[in-house]
Amino acid sequence: MKTDFTRRMLLKGTIASSAIGIAIGAGLLTPKAVLAAWPKEAFTAKDIPGALSSLMGSDSAEESGDITIKAPDIAENGAVVPVTVSTTLPAVESIAIIAANNPVPLIANFNLKEGAEGFVSSRIKMGKSGDVIAVVKSDGKLYKAGKEVKVTIGGCGG
């Protein structure tokens with residue numbers, strides 16, 4: 001009985017994968033049609049003001065003690081640096097994570113729905129030691145906080 005169930009699951013998975021492969025091969029599914037729109041200018045900007053202006057419409061953010069960044073003081077491997085950002089600011093709209101010394105500083109941007117808790121967690125790449133900056137958009141205003149992270153082995157090609 002268990003063997004029949006396992007075989008059925010394998011067949012269903014194989015058929016589904018084959019159908020998706022055929023659709024991609026035929027051009028019915030393309031990454032542009034499947035993936036959501038993203039702010040290309042922000043994620044290709046070479047400096048922080050350019051990234052923030054493209055992403056959030058302004059590059060002026062005020063320092064806030066209501067933002068907490070949890071990241072290691074010393075990251076042994078820059079390819080996988082765990083970062084957690086939390087905030088007690090009201091009505092958080094988005095949280096962006098920036099690695100100041102990366103060739104492309106904007107790492108991630110998380111758009112939050114109304115009523116969502118101001119909390120995100122991710123693993124980022126850092127090419128060399130520098131500040132990890134969190135920029136939080138709350139009630140239409142930008143707030144930021146930073147934490148220095150020392151990297152012993154570079155993750156962005158270093």
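**Entry 1: the open sheet**

Two strands count as paired when DSSP finds at least two bridges between them. With that in hand, I opened this predicted model and looked for a sheet. I found 3 strands forming an open one, in the order β2-β4-β7, with antiparallel pairing. Its edge strands are β2 and β7, each of which pairs on one side only. I also looked up the twist: neighbouring strands here are turned by 15° against each other on average, direction ignored.

Next I checked how β2 is held to β4. Strand β4 covers residues 81–87, and 4 bridges join β2 to this antiparallel partner. One pair I noted down is Ile69, which stands opposite Val85 in β4.

**Entry 2: stepping back to the whole chain**

I wanted the overall plan before going further. The protein chain has 4 helices and 9 strands. Read from the N terminus, the order is α-α-α-α-β-β-β-β-β-β-β-β-β, so I pictured nothing fancier than that list.

How confident is the prediction, and where is it lowest? The chain averages a pLDDT of 86, and 87% of the residues score at least 70. Helix α2 (residues 31–34) has the lowest confidence, with a mean of 55, while strand β2 (residues 67–70) has the highest, at 97. A reminder to myself: where pLDDT is low, the predicted coordinates should not be read in detail.

Some totals went into the margin too. Of the 158 residues in the protein chain, 32% are buried. The chain exposes about 10000 Å², and carbon and sulfur atoms supply 57% of that area. I also looked at contacts between residues at least 6 apart in sequence: 62% of these join residues at least 24 apart.

**Entry 3: pairings around β9**

Which strands pair with β9 in the parallel sense? Strand β1 (residues 62–63) does, over 2 bridges, and strand β3 (residues 74–75) does as well, also over 2 bridges. In the pairing with β1, I found Glu63 opposite Lys144 in β9. In the pairing with β3, Ala75 stands opposite Val151 in β9.

Strand β8 runs antiparallel to β9, and 9 bridges join the two. Here Ala134 stands opposite Ala145 in β9.

**Entry 4: two positive phi values**

The hairpin of β8 and β9 has 2 residues between the strands, and Asp139 takes a positive phi near 50° there. Why did I pause at that? Most residues other than glycine have a negative phi. Asp139 lies in the loop between β8 and β9, and I count it as exposed because its relative accessible area is 52%, over the 50% cut-off.

Ala91 also has a positive phi, near 50°, and is a residue other than glycine. Ala91 sits in the loop between β4 and β5. With a relative accessibility of 46%, Ala91 counts as partly exposed.

**Entry 5: nonpolar cores**

Which residues touch the most other members of the largest nonpolar core? That core has 22 residues, and the answer is Ile67, Ile69, Val83, Val85, Met126 and Val132. The elements giving two or more residues to this core are β2, β4, β5 (92–99), β7, β8 and β9 (141–151). Apart from this core lies another one, of 13 residues, including Met56, Ala96, Leu106 and Val135. A general note fits here: in soluble globular proteins, nonpolar side chains tend to be buried together.

I followed Ile69 a little further. Leaving aside neighbours within four places in sequence, Ile69 is in contact with nine residues that I copied out: Val83, Thr84, Val85, Val132, Ile133, Ala134, Ala145, Gly146 and Lys147.

**Entry 6: Met126 and Ser94**

Is Met126 buried or exposed? Met126 is buried, with a relative accessible area of 1%. I found this residue in the loop between β7 (119–124) and β8 (130–138). I also looked up a distance: the C-alpha atoms of Met126 and Pro105 are separated by 9.2 Å, with the two residues 21 apart along the chain.

Last came Ser94, placed in strand β5. Ser94 counts as buried because its relative accessibility is 5%, under the 20% cut-off. Beyond its neighbours within four places in sequence, Ser94 is in contact with Met56, Asn109, Phe110, Asn111, Leu112, Val135, Val136 and Lys137. Two of these names, Met56 and Val135, were already in my notes as members of the 13-residue core.

Methods. Residues are numbered from 1 along each chain as its sequence is written. This is a predicted model: local features need pLDDT of at least 70, side-chain atom pairs count only at pLDDT 80 or more; totals for chains, interfaces and linings use all residues. Side-chain values use heavy atoms; hydrogens and water are left out. Buried means under 20% relative accessible area, exposed over 50%, partly exposed in between (1.4 Å probe, protein chains only). pLDDT is the predictor's confidence in each residue, from 0 to 100. Axes are lines fitted to C-alpha atoms, for helices over the stretch in contact, and angles run from 0 to 180 degrees between N-to-C directions. A nonpolar core is a set of buried Ala, Val, Leu, Ile, Met, Phe, Trp, Tyr and Cys residues joined through side-chain atoms within 4.5 Å. Contact means heavy atoms within 4.5 Å. Accessible areas come from the Shrake-Rupley method with a 1.4 Å probe; for residues, only the protein chains shown count as cover.
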